[in-house]
Amino acid sequence: MIFYCSFKWIILAFLLIISQIKFKKNIEKKNINQIIFAKEINHYQKKKNVNKQKKIVILIDPGHGGQDPGSIGHKGLKEKEITLKIAIKLKELLDSNKFFQAVLTRNNDSYLSLKKRKNFLKNREVSLLLSIHVDSAQQSYVSGTSIWIVSNNRIHREINSFINNKEENIYFSKNIENTFKSNQNDIYLKKTILDLQCHCFQSIGTDLSKYIFQEFKKIVKVKKIQPNYASLGILSSINTPSILIETGFITNFEEERKLKTISYQKKVANAIYISLKNYFQNKYISNFKNID
Ligand SMILES: [Zn+2]
């Protein structure tokens, strides 16, 4: 049994490598991300006409909403208001670029359960989830932006839950879905594929964080120039790379004042937009010659 599963695993790894070779002759370690975005990239390669290219769909999740205000500043500013404003601005910027399409989990002051937010990832071809938040602390002197990625423990728990059929109807890429269909009872294979994929998602999050910090450093204080890892529900999807951005501390007097201004909200949204543009341009440069 062990040998049988190992053999399947080797075949899978081999197929993944072959598909990468076909896609691009020079394999580099960083190109592992292309497995995840393979569908989009193949599409770009086939279609010469840029107007007909499939867009990269970014799901933007403005934190909190409705009866859940999130953190509240000393002057009464509510996190849910700022996350929505930044998210709407970011959507406008992404939608103005022909390579992107942005989707919001909420576009007004409504309450959304975690389940409803994650439902967007089940039914849509989302390439990336960005959850927008504002931080808070007991001490008002604490300030700065930060980024969060899902922890290993949480993601393994989510994978096990899916394998044990507690979670159903999750959308995966065609390659993975076909492999699952033809190996329905092989939980070892399923687990291996999902482990590999989620590891890629975490790498994407780490890579993208570098681009975001690079842009944030130009306009805001960065609390720590490395992402943090945590067991956060919104980041725990096993079919989509996900990151959470804390756009400042609402409990810091100076940052609360800035977060309230339209100019600061625009700056933050623009910094995230430029980061996404640079990230995709650098990762898949041949397909994004005209990304501006
Ligand atoms: Zn929050």
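Is His64 buried or exposed? Select it and count: His64 has 23 other C-beta atoms within 10 Å, so it is buried, the cut-off being 20 or more. This is a predicted model, and the tour starts at this residue before going on to the sheet and the helices.

**Stop 1: the loop after strand 1**

Keep His64 selected. It lies in the loop between strand 1 (56-62) and helix 4 (79-95). Check its backbone: phi of His64 is near 65°, a positive value in a residue other than glycine.

Now select Gly63, which is placed in the loop between strand 1 and helix 4. Gly63 is buried, because 27 other C-beta atoms lie within 10 Å. Which residues does Gly63 contact, leaving aside its neighbours within four places in sequence? Add Gly70, Glu79, Thr83, Ser131, Ile132 and His133 to the selection. For one of these, draw a distance: the C-alpha atoms of Gly63 and Glu79 are 7.8 Å apart, with their positions 16 residues apart in sequence.

**Stop 2: the whole chain**

Zoom out and colour by secondary structure. The protein has 10 helices and 6 strands. Of its 292 residues, 37% are buried. Among contacts between residues at least 6 apart in sequence, 77% join residues at least 24 apart.

**Stop 3: the sheet**

Show the strands alone. In what order do the 6 strands lie in the open sheet? Reading across, the order is 2-1-3-6-4-5, and the pairing is mixed. Strand 2 (100-104) and strand 5 (228-230) are the edge strands, each pairing on one side only. From one strand to the next the twist averages 30°.

**Stop 4: strand 3**

Select residues 128-135, which are strand 3. 8 of the 8 residues of strand 3 are buried, so the strand is largely enclosed by the rest of the structure. In a regular strand the side chains alternate between the two faces of the sheet. Here, Leu128, Leu130, Ile132 and Val134 point one way, while Leu129, Ser131, His133 and Asp135 point the other way; all are buried. Colour the two sets separately.

Next, add the strands that pair with strand 3:

- Strand 1 and strand 3 pair in the parallel sense over 5 bridges. Ile60 stands opposite Leu130 in strand 3, and Asp61 stands opposite Ser131.
- Strand 6 (residues 242-249) pairs with strand 3 in the parallel sense over 6 bridges. The bridge partner of His133 in strand 6 is Glu246, and that of Asp135 is Phe249.

**Stop 5: strand 6**

Move the selection to strand 6. How many of the 8 residues of strand 6 are buried? The count is 8 of the 8, so strand 6 is largely enclosed by the rest of the structure. Strand 4 (residues 146-150) is joined to strand 6 by 3 bridges, and the two run antiparallel. To see where they face each other, label Trp148, which stands opposite Leu244 in strand 6.

**Stop 6: helix 8 against the sheet**

Select residues 187-219, helix 8. Helix 8 lies across strand 4 and strand 6, running at about 175° to strand 4.

**Stop 7: helix 10 with helix 8**

Add helix 10, residues 262-283. The axes of helix 8 and helix 10 come within 8 Å and cross at roughly 140°, which means that helix 8 is oblique to helix 10. The crossing is right-handed. On the helix 8 side, the contact is made by Asp207, Leu208, Tyr211, Ile212, Glu215, Phe216 and Ile219; on the helix 10 side, by Lys267, Ala271, Ile272, Ile274, Ser275, Asn278 and Tyr279. Sorted by residue type, this contact has 9 nonpolar, 2 polar and 3 charged residues.

**Stop 8: helix 10 with helix 4**

Hide helix 8 and show helix 4. At what angle do helix 4 and helix 10 pack? The angle is about 50°, with the axes 9 Å apart, and helix 4 and helix 10 are therefore oblique to each other. Their crossing is right-handed. Select Ile82, Lys85, Ile86, Lys89, Leu90, Leu93 and Leu94 of helix 4, then Gln265, Lys266, Val268, Ala269, Asn270, Ile272 and Tyr273 of helix 10; these make the contact. They divide into 9 nonpolar, 2 polar and 3 charged.

Key: Residues numbered from 1 in each chain as written. Predicted model: local features only at pLDDT ≥ 70, side-chain atom pairs only at ≥ 80, totals over all residues. Helix = DSSP H or I, 4+ residues; strand = E, 2+ residues; numbered from the N terminus. Buried ≥ 20, exposed ≤ 12 C-beta atoms within 10 Å, placed from the backbone. Contact = placed C-beta atoms within 7 Å. Axes fitted to C-alpha atoms, helices over the stretch in contact; angles between N-to-C directions. Parallel < 35°, antiparallel > 145°, perpendicular 65-115°, else oblique. Left-handed = near helix turned anticlockwise from the far one by under 90°. Nonpolar A, V, L, I, M, F, W, Y, C, P; charged D, E, K, R; others polar. Pairing = 2+ DSSP bridges.
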